[in-house]
Amino acid sequence: MQIFGGSALTQQVKEGTTTTIEGIIGAIDPEVRGDAIRRRFLEFYATRGHKILPSSSLVPEDPTVLLTIAGMLQFKPIFLGQVPRKYPCATTTQKVVRTNDIENVGRTARHHTFFEMLGNFSFGDYFKRQAIAWAWELATSEYVAVDYLYHFFEPLRDLCFGA
């Protein structure tokens, strides 16, 4: 079941009547909640060999930051080579607190201070090519219809790549 991309939405995008965030939000299946989005994300990567790990503390052991500000923070010692990896790849839903742009909270709909980051991490097991392929597969098999993506981004093609 996809969250976005029903035939009515696809038709609206083709007609150019739904290209706003309000139109997209209106297409969300009301039965799909945050817990289902998290579960589907974690299960997708678990079936591809990722170890599902819990969210780490919002107050990290890392002395360089006051709060957990990114989903990858718990893996920083692995990436820096300070501790050996215990698994080749992992997936998480990490609770984070962002304060670097706190002055924008409340002014826009996209600035938040507390939220969850969904992440998949490779510790040398795979690289960009595989990460991109899996991200596309996840997006188009679980969340958004492929034809919706093409029609939503098609107007940007000429702008980005020239006519």
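This report walks through the helices, cores, aromatic pairs and salt bridges of one predicted model.

Residues are numbered from 1 along each chain as its sequence is written. Since the model is predicted, local features need pLDDT of at least 70 and side-chain atom pairs count only at pLDDT 80 or more, while totals for chains, interfaces and linings use all residues; side-chain values use heavy atoms, with hydrogens and water left out.

**Helices H3 and H5**

Let's start with H3, residues 34–46. Helices here are DSSP runs (H or I, at least four residues), strands are runs of E with at least two, and both are numbered from the N terminus. H3 has 13 residues and spans 18 Å from its first C-alpha to its last, close to the expected 18 Å; that expectation is 1.5 Å times one less than the number of residues. H5, with 16 residues, reaches 21 Å, close to the 22 Å expected.

Which residues of H3 are buried? They are Ala-36, Arg-40, Phe-41, Leu-42, Phe-44 and Tyr-45. Buried means under 20% relative accessible area, exposed means over 50%, and partly exposed is in between (1.4 Å probe, protein chains only). The cover over these H3 residues includes strands S1 (51–52) and S2 (89–97), plus S3 and H5. In H5, the buried set is Trp-134, Leu-138, Thr-140 and Tyr-143.

**Cores and rings**

The largest nonpolar core has 10 residues, among them Phe-41, Leu-42, Cys-89, Trp-134 and Val-144. Such a core is a set of buried Ala, Val, Leu, Ile, Met, Phe, Trp, Tyr and Cys residues joined through side-chain atoms within 4.5 Å. H3 and H5 are the elements that give it two or more residues, and H3 gives the most, with four. A second, separate core of seven residues includes Leu-53, Phe-75, Phe-121 and Phe-123.

There are eight aromatic pairs in the structure. Rings of Phe, Tyr and Trp (its six-membered ring) pair if their centres lie within 6.5 Å; planes under 30 degrees apart are stacked, over 60 edge-to-face, and the rest tilted. Phe-41 and Tyr-45 have centres 5.0 Å apart and planes at 55°, so they make a tilted pair. They sit four residues apart in H3, about one helical turn. Phe-79 and Phe-123 are tilted as well, at 5.5 Å and 50°. That pair bridges 44 residues, from helix H4 to the loop between S3 and H5. Phe-79 is partly exposed at 43% relative accessible area, whereas Phe-123 is buried at 10%.

Phe-41, Phe-44, Tyr-45, Tyr-126 and Trp-134 form one aromatic cluster. Arg-48 lies over the face of Phe-44, at 3.6 Å from the ring centre; the cut-off puts CZ of Arg or NZ of Lys within 6 Å of the centre and within 35 degrees of the ring normal.

**Salt bridges**

The model holds five salt bridges, counted when a side-chain nitrogen of Lys or Arg is within 4 Å of a carboxyl oxygen of Asp or Glu. Three of them, including their N to O distances, are below.

| Pair | N to O distance | Separation in sequence |
|---|---|---|
| Glu-116 and Arg-38 | 3.0 Å | 78 residues |
| Arg-40 and Glu-142 | 2.9 Å | 102 residues |
| Glu-137 and Arg-48 | 2.6 Å | 89 residues |

Is Arg-40 buried or exposed? At 9% relative accessibility, Arg-40 counts as buried, while its partner Glu-142 is partly exposed at 21%. Glu-137 is partly exposed at 32%, and Arg-48 at 24%.

Terms used. Contact = heavy atoms within 4.5 Å.
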